[in-house]
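Please open the model in your viewer and keep the selection panel at hand. The tour below proceeds stop by stop, stating what to select and what is found there.

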Amino acid sequence: MKQTFRGGVRLNEHKNTDHCMTVRLPSPKRVYIPLSQHIGAPCTPLVKPGDHVLRGQLIGEVGTGLGAPVHASISGTVVELRTRHNALGTVVTDVVIDNDFLDTPAETMHPASTPPETWTSEKIIAAVRDAGIAGMGGASFPTHAKMTSALGKVDTLLINCAECEPYITANHRLLLEDPMTVLRGTRLLVRALGLSSGTFVIEDNKQNAIDLLRILCDASFPELKVAAVRTKYPQGDERQLIYAVTKRELPSGKLPADIGCVVFNPATAAAAYRAVTGGMPLIARIVTVDGDCVKEPKNLLVPIGTPFRDLVDACGGLIKEPKSLISGGPMMGAAQWNPDEPVTKGTNAILVLSADATKPYAGEHECIRCGRCVGACPMHLMPNYIAAYTKRGDYESAKEYGAMNCVECGSCSYICPADVPIVQYVRRAKNALRQKKA
Ligand code: SF4
Ligand code: SF4
């Protein structure tokens, strides 16, 4: 099926933290560091209860398969290896560490003895791997594996700064507050991949970031440039982003590298720079804490493994009865039932919303064939047909209409006047088709 990427929707922005400086979260009393925070196999723990660990110390390692190691985000004592179900129903093990508040760094965290400009591609990729860097936009694909698979295959590097969901401003603030680290990290990625240039892709509602990066690129980073793209949802989806800049279409089931592109998050680029120049593992990240229940919404710099509850407390607590706790944005984020769920490498936002801020679901009505979902779909599907066939249990017809190509952006459900839960129907069709294939 041909994809033309005409769809997308304009969402209400609700970016309460757009103008607030990022604040460092006070060191938490206890962290819960999941051994699985990435796509691939979970790590094997290298520590046991009673062990003392240093900040940045390796505490979980992967075997030969896909994965990224994990490190202690604070110094202290391991009190437990806790196994639990996360919000997606997956069994995960957390390394629970009690803080000694000494903040003692591991010996491996020290400045590089040679300048990064002299490093080979293999050495840069190895440093990224050892630092446990996984995509910080939410998907958490191990970055060294993405770099390795792109080597010799891609001609275009894009830095995805299109933070297109309402509320989330973590990357926008990073670009404004620490642009040099992002730019230097992107220069390293360009070098490591043997490319001659890289492009920051920024939505046109972030004009201050566009202007700042253009000035800095012109002054000191001639190999880097900035592309401003239209503000719409889901512009941050890799397929949309690549098409917006290169006009290359990513066929279903293919990876960006298959069409010559590789895409990284700006926070990932910054983490790569810190890993190479300072041996710094990925042990902290910026998280947007927002929603109408939060007293003082903020962007916080948070140690990995900090419970969500600590972040909300650092924002002054709640001022309304919460109805939903969401990890991520309101369109593609995951609803949480446990306020003590820990921040992971892929957690870009935590939202606490009241009943006033969430649309009450009064039940599904009959489709009125208005076609709005068709116009909104960025994958140029016919979501109304997929939903209708799925309702009848006719999954093969849903597949014919492209159910497997759906990126689950939720634009169709958002815009549907009949409140048809279209994404849920698409997911049901996908699951049924996958089970049939297995
Ligand atoms: S959720 Fe899927 S079907 Fe609906 S608009 Fe997004 S890509 Fe299209
Ligand atoms: S938007 Fe809703 S009502 Fe309109 S065609 Fe699509 S499913 Fe039907």
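Begin with the two domains of this predicted model: the centres of domain 1 and domain 2, taken over C-alpha atoms, are separated by 30 Å. To display them, select residues 116-278 for domain 1 and 372-437 for domain 2; these bounds come from an automatic or database domain assignment. Six residues of domain 1 are in contact with six residues of domain 2, contact being defined by C-beta atoms, placed from the backbone, that lie within 7 Å. On the side of domain 1 that touches domain 2, the classes are two nonpolar, two polar and two charged residues. Here Ala, Val, Leu, Ile, Met, Phe, Trp, Tyr, Cys and Pro count as nonpolar, Asp, Glu, Lys and Arg as charged, and the others, Gly among them, as polar.

A note on conventions: residues are numbered from 1 along each chain as its sequence is written, while chains are lettered from A and ligands numbered from 1 in the order in which they are written. As the model is predicted, local features need pLDDT of at least 70 and side-chain atom pairs count only at pLDDT 80 or more, whereas totals for chains, interfaces and linings use all residues.

Next, select helix α7 (residues 266-278) together with helix α3 (residues 170-177). Helices (H or I, at least four residues) and strands (E, at least two) are DSSP runs, numbered from the N terminus. The axes of α3 and α7 are 9 Å apart, at an angle of about 50°; axes are lines fitted to C-alpha atoms, for helices over the stretch in contact, and angles run from 0 to 180 degrees between N-to-C directions. The pair is therefore oblique, given that angles under 35 degrees count as roughly parallel, over 145 as roughly antiparallel, 65 to 115 as roughly perpendicular and the rest as oblique. Show N171, L174 and L175 of α3, which meet P266, A267 and A270 of α7.

Keep α7 and add helix α4 (residues 179-192). These axes lie 7 Å apart at about 80°, and α4 and α7 are therefore roughly perpendicular. Residues of α4 including V182, L188 and L189 meet residues of α7, among them A269, Y273 and V276. By class, this contact comprises nine nonpolar, three polar and one charged residues.

Now select K15, in the segment before β1 (23-24). Is K15 buried or exposed? K15 is partly exposed, because 19 other C-beta atoms lie within 10 Å; 20 or more would make a residue buried, 12 or fewer exposed, with C-beta atoms placed from the backbone. Leaving aside neighbours within four places in sequence, K15 is in contact with P166, Y167 and T169. The C-alpha atoms of K15 and Y167 are 4.3 Å apart, although 152 residues separate the two in sequence.

Move to ligand 1, which has 16 residues around it, with C377, P383, C406, C409 and C412 coming nearest; a residue is near if its C-beta atom, placed from the backbone, lies within 6 Å. Helix α13 (422-437) is among the contributors to this shell and gives the most, three residues. The shell divides into 13 nonpolar, two polar and one charged.

Then centre on ligand 2, where C367, C370, C373, N384 and C416 come nearest among 14 residues. The elements giving two or more residues are α9 (372-376) and α10 (383-391).

Finish on α10, whose buried residues are P383, N384, I386, A387, Y389 and T390. They pack against α9, α11 (395-400), α12 and α13. Just after α10, G393 takes a positive phi of about 80°.

Methods. Contact = placed C-beta atoms within 7 Å.
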